[in-house]
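Colleague: Please take one part of this model and go through it closely. I would like the helices with a buried side, what packs against them, and the loops around them.

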Amino acid sequence: MTAIYDCSVESQLLTGMRLARGAIGRGQLVVIPTDTVYGLAADAFDPAAVTRLLEAKGRERTSPPPVLIPGIPTLDALASEVPEPVRELVAEFWPGGLTVILHAQPSLTWDLGETRGTVALRMPDNRFALELLSETGPLAVSSANLSGLPAATTAAEASDMLGDSVAVYLDGGSAGADYDAIGERPGDTSSTIIDATGLTAEGGTIRIVRAGVISRERIAAVVGEDRLAPAEAAAASAGEPAADPQPAASDDESGTAAS
């Protein structure tokens, strides 16, 4: 059985982080805590590792994982364009439970699945996740669960579902405790996913692809209700693009299953 490392114990934290970095570098999978739910993480630039992630969850390439990043500068490096309303939103909600779908830089040498040229990005509000991200760089992270089951909010729940498909489990305590569970399912503390790719067109709007811990009202308070697609239209198209309807991660984690 794969070991679980308790991040509240200094010696286990140091060992767990060292092993997690090594596992990511070898293309293996790691389970990490985030502020929303636990995430199943892989090197975003290693196609074989991303494939392992999808296979471990029982997902297809049509459900590409989101990418967790250590800070806003990485947002500019991975997205081809960051519209001003998105900058306002990430200034308000990052680090935190908001995942943003944008057009990806066309020069990126990665294969996250059938993304249609988009990428879902989030900066998680969890010090262990951010420490790992600062050392590994962007990670493909989906919710730490088998497809169709609730996202794990503890390392033990993730281990029960994913077992030895994961090389290292980092236990950062219960995830999602700082949020109201207002996601799409009872008790859901997944991140809210918004699709901001429409903002590149004149008069374009933001679609809320998945309701999560950041409410529509809070988003509208930042960018204005006129910047948001009607709730009915967003719900009708909730499978596009790069959006994993599973509770995530993955907020980040996360998507895409965003954490």
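Modeller: A residue is called buried under 20% relative accessible area, exposed over 50%, and partly exposed in between. The model is predicted. With those cut-offs, buried residues make up 58% of the 259 residues in the chain. The secondary structure consists of eight helices and 10 strands. The chain exposes about 9900 Å², and 49% of that area comes from carbon and sulfur atoms.

I begin with helix α4, which spans residues 84-93. Its buried residues are P85, V86, L89, V90 and F93. They cover an arc of only 130 degrees around the axis, so they sit on the same side of α4. An α-helix has 3.6 residues a turn, so residues three or four places apart point the same way. Four elements pack against the buried residues of α4: the helices α3 (72-78) and α7 (216-223), and the strands β5 (98-103) and β9 (192-195).

The loop between α4 and β5 contains P95. The peptide bond that joins W94 and P95 is cis, with omega about -10 degrees. Further on, the loop between β5 and β6 holds R116. Phi of R116 is near 55 degrees, a positive value in a residue that is not glycine. R116 counts as exposed because its relative accessibility is 63%, and the cut-off for that class is over 50%.

After β6 (118-122) comes the loop that leads to α5 (127-136), and P124 is located there. Unlike R116, which is exposed, P124 is buried, with a relative accessible area of 0%. The C-alpha atom of P124 is separated by 7.0 Å from that of L68, a residue 56 places away along the chain.

Helix α2 (residues 47-57) can be read in the way used for α4. Its buried residues are A49, V50, L53, L54, A56 and K57. Seen down the axis of α2, these residues fall within an arc of 160 degrees, so they line one face of the helix. The cover over them includes the strands β3 (39-43) and β7, together with helix α6.

Helix α6 brings in the part of the chain around β7. A158 is placed in α6 and is buried, with a relative accessible area of 0%. Leaving out residues up to four places away in sequence, A158 touches V31, A144, A152, G163 and Y169. The C-alpha atoms of A158 and L146 are separated by 8.8 Å, with their positions 12 residues apart along the chain.

The loop between β7 (139-143) and α6 (155-162) includes T153, and S147 is found in that loop as well. S147 counts as partly exposed, at 31% relative accessibility. Its C-alpha atom is separated by 6.4 Å from that of R59, although the two residues are 88 apart along the chain. For T153, the C-alpha distance to A175 is 4.8 Å, at a sequence separation of 22 residues. T153 touches V37, Y38, G173, S174, A175 and T189, again not counting residues up to four places away in sequence.

That leaves the open space in the model. Rolling a probe the size of a water molecule over the atoms shows where empty space is left. The largest pocket has a volume of about 180 Å³. Its lining comprises 14 residues, and T34, D35, D125, N126 and D178 lie nearest its centre. By class, that lining has five nonpolar, six polar and three charged residues.

To return to your request, the two helices examined here each have a buried side: the buried residues of α4 lie within an arc of 130 degrees, and those of α2 within an arc of 160 degrees. Helix α4 packs through its buried residues against α3, β5, β9 and α7, whereas the cover of α2 includes β3, β7 and α6. In the loops, P124 is buried, S147 is partly exposed and R116 is exposed.

Definitions and conventions: Residues are numbered from 1 along each chain as its sequence is written. This is a predicted model: local features need pLDDT of at least 70, side-chain atom pairs count only at pLDDT 80 or more; totals for chains, interfaces and linings use all residues. Side-chain values use heavy atoms; hydrogens and water are left out. Buried means under 20% relative accessible area, exposed over 50%, partly exposed in between (1.4 Å probe, protein chains only). Accessible areas come from the Shrake-Rupley method with a 1.4 Å probe; for residues, only the protein chains shown count as cover. The arc is that of the directions from the helix axis to the C-beta atoms. Contact means heavy atoms within 4.5 Å. On a 1 Å grid over the protein atoms alone, a cavity is a set of points where a 1.4 Å probe fits but cannot get out, and a pocket is an open set with protein on both sides within 12 Å along at least five of seven lines; lining residues have an atom within 4 Å of a point. Grid points are joined across faces, edges and corners, and a volume is the space filled by probe spheres set on the points. Ala, Val, Leu, Ile, Met, Phe, Trp, Tyr, Cys and Pro count as nonpolar, Asp, Glu, Lys and Arg as charged, and the others, Gly among them, as polar.
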